[in-house]
Amino acid sequence: MSDGVPTLLGVPFDAASSFERGAAAAPGVIRASLARASSNHWTEDGLDTTSPDVMDDAGDLAIGPDASAAEVLEPITLGVRRLLDQGRRPLVLGGDHSITYPVLRAMRERYPRLAILHFDAHGDLHHEYEGDRLSHACPFARIMEDQLTDRLVQVGIRTLNRHQRDQVARYGVEVIEMRRWEGPPRLRFDQPVYISLDVDVLDPAFAPGISHPEPGGLSVRDVVATIQHLDARIVGADVVELNPANDRSPRSGMVAAKFVKELVSAMHRKA
Ligand code: MN
Ligand code: MN
């Protein structure tokens with residue numbers, strides 16, 4: 001059975017961002033970048049993302065500017081569950097990275113076998129961060145605690161402290177650290193895969209519009225090639241942590257839009 005049409009769902013939430021806010025504005029910027037006349041709507045392998053059979057858009061979740069991470073957990077899970085119930089495949093536009101935990105609660109209900117491929121400069125495995133268990137530094141600790149995935153593979157990581165290395169060992173996370181990078185890997189998954197793509201996995205030279213620039217990262221092509229080489233059935237994805245307030249020119253928004261298009265393409269390769 002098909003997993004359904006990839007469908008955008010904006011989650012304009014950034015109150016769990018530990019350093020600075022701004023990612024709540026990203027869904028609108030990514031949509032504007034997708035539509036920008038400087039580029040076109042086509043994926044690299046020839047799908048037209050304006051075709052409703054290729055990509056659809058469910059709009060943004062209604063989230064008030066003063067909502068807390070605890071208050072948005074349920075609305076985000078419900079919003080994703082609704083898309084899955086409609087037979088669509090969620091492509092979630094963050095927002096800060098805290099949103100991935102409530103998204104995965106809905107994904108796991110639907111997919112009892114599930115793996116996660118996580119692109120990030122950061123492990124986001126803190127048990128808590130500055131007293132906040134729902135911080136954007138913690139979503140993968142919550143996901144592993146709640147057993148929302150059978151396998152977690154992280155790519156591009158370059159900020160592991162001692163606590164996070166302990167968490168990696170404790171939860172059996174498979175980490176392709178940046179210091180060991182040897183070019184885009186050919187990853188294979190037996191389970192359906194959810195891709196969580198934190199834009200700061202890139203070297204900040206490629207996308208300055210983020211909240212936590214961490215030098216020494218991947219190129220746009222490294223990320224696109226890793227997605228294109230993936231041997232997996234992709235059942236959902238998110239693109240998070242774009243912070244338009246820090247962008248110069250539409251550069252980083254265009255990068256996020258590129259990732260959206262190539263994720264759509266990858267979803268259609270095995271459906
Ligand atoms: Mn992250
Ligand atoms: Mn990050």
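Here's a quick briefing on the metal site, one helix pair and a few backbone oddities in this structure. Keep in mind that this is a predicted model. The centrepiece is a pair of manganese ions, ligand 1 and ligand 2, which lie 3.2 Å apart and are bridged by D120. Away from the metals, helices α2 and α3 cross at roughly 35°, and a cis peptide bond turns up between G94 and G95.

**Manganese ion, ligand 1**

- Four protein residues supply the donors here: H97 through ND1, and D120, D124 and D198 through OD atoms, at 2.1 to 2.2 Å from the ion.
- If you want to find these donors in the sequence, look for the spacing H-x22-D-x3-D-x73-D.
- Are D120 and D124 buried or exposed? Both D120 and D124 are buried.

**Manganese ion, ligand 2**

- This ion is coordinated by D120 (OD), H122 (ND1), D198 (OD) and D200, with D200 listed twice through OD, and the distances run from 2.1 to 2.4 Å.
- Along the chain, the donors of ligand 2 follow the spacing D-x1-H-x75-D-x1-D.
- The pair D120 and D200 links distant parts of the chain, 80 residues apart. D120 sits in the loop between β4 (115-119) and α4 (139-145), while D200 sits in the loop between β7 (193-198) and α6 (220-229).
- Why does D120 count as buried? Because its relative accessible area is 0%, and the cut-off for buried is under 20%.
- D200 falls under that cut-off too, so it is buried as well, with a relative accessible area of 2%.

**H118, a neighbour of the bridge**

- H118 lies in strand β4, and its side chain makes a polar contact of 2.9 Å with the side chain of the bridging D120.
- H118 counts as buried because its relative accessibility is 0%.
- Leaving out residues up to four places away in sequence, H118 touches H97, G123, D124, F140, L152, V153, Q154, V155 and S196. Two of those names, H97 and D124, also appear among the donors of ligand 1.

**Helices α2 and α3**

- The axes of α2 (residues 69-85) and α3 (residues 100-110) come within 8 Å and cross at roughly 35°.
- What is the handedness of the crossing where α2 passes α3? The crossing is right-handed.
- On the α2 side, the contact is made by L73, E74, I76, T77, V80, R81, L84 and D85. The α3 side brings in Y101, P102, V103, R105, A106, M107, E109 and R110.
- Sorted by class, that α2 and α3 contact has 9 nonpolar, 1 polar and 6 charged residues.

**Backbone oddities**

- The peptide bond joining G94 and G95 is cis, with omega about 10°. G95 is in the loop between β3 (89-93) and α3.
- E130 has a positive phi, near 50°, even though the residue isn't glycine. You'll find E130 in the loop between β4 and α4, and it counts as exposed because its relative accessibility is 66%.
- E241 is another non-glycine residue with a positive phi, this one near 75°. Its place is the loop between β8 (234-240) and α7 (251-269).
- Is E241 buried or exposed? With a relative accessibility of 2%, E241 counts as buried.

How values were computed. Residues numbered from 1 in each chain as written. Chains lettered and ligands numbered in written order. Predicted model: local features only at pLDDT ≥ 70, side-chain atom pairs only at ≥ 80, totals over all residues. Heavy atoms only, no water. Donors = N, O, S within 2.8 Å, 3.2 Å for Na, K, Ca; no water. Buried < 20%, exposed > 50% of the residue type's maximum accessible area, 1.4 Å probe, protein only. Axes fitted to C-alpha atoms, helices over the stretch in contact; angles between N-to-C directions. Helix = DSSP H or I, 4+ residues; strand = E, 2+ residues; numbered from the N terminus. Left-handed = near helix turned anticlockwise from the far one by under 90°. Contact = heavy atoms within 4.5 Å. Nonpolar A, V, L, I, M, F, W, Y, C, P; charged D, E, K, R; others polar. Polar contact = N/O pair within 3.5 Å; in protein donor to acceptor, adjacent residues only side chain to side chain.
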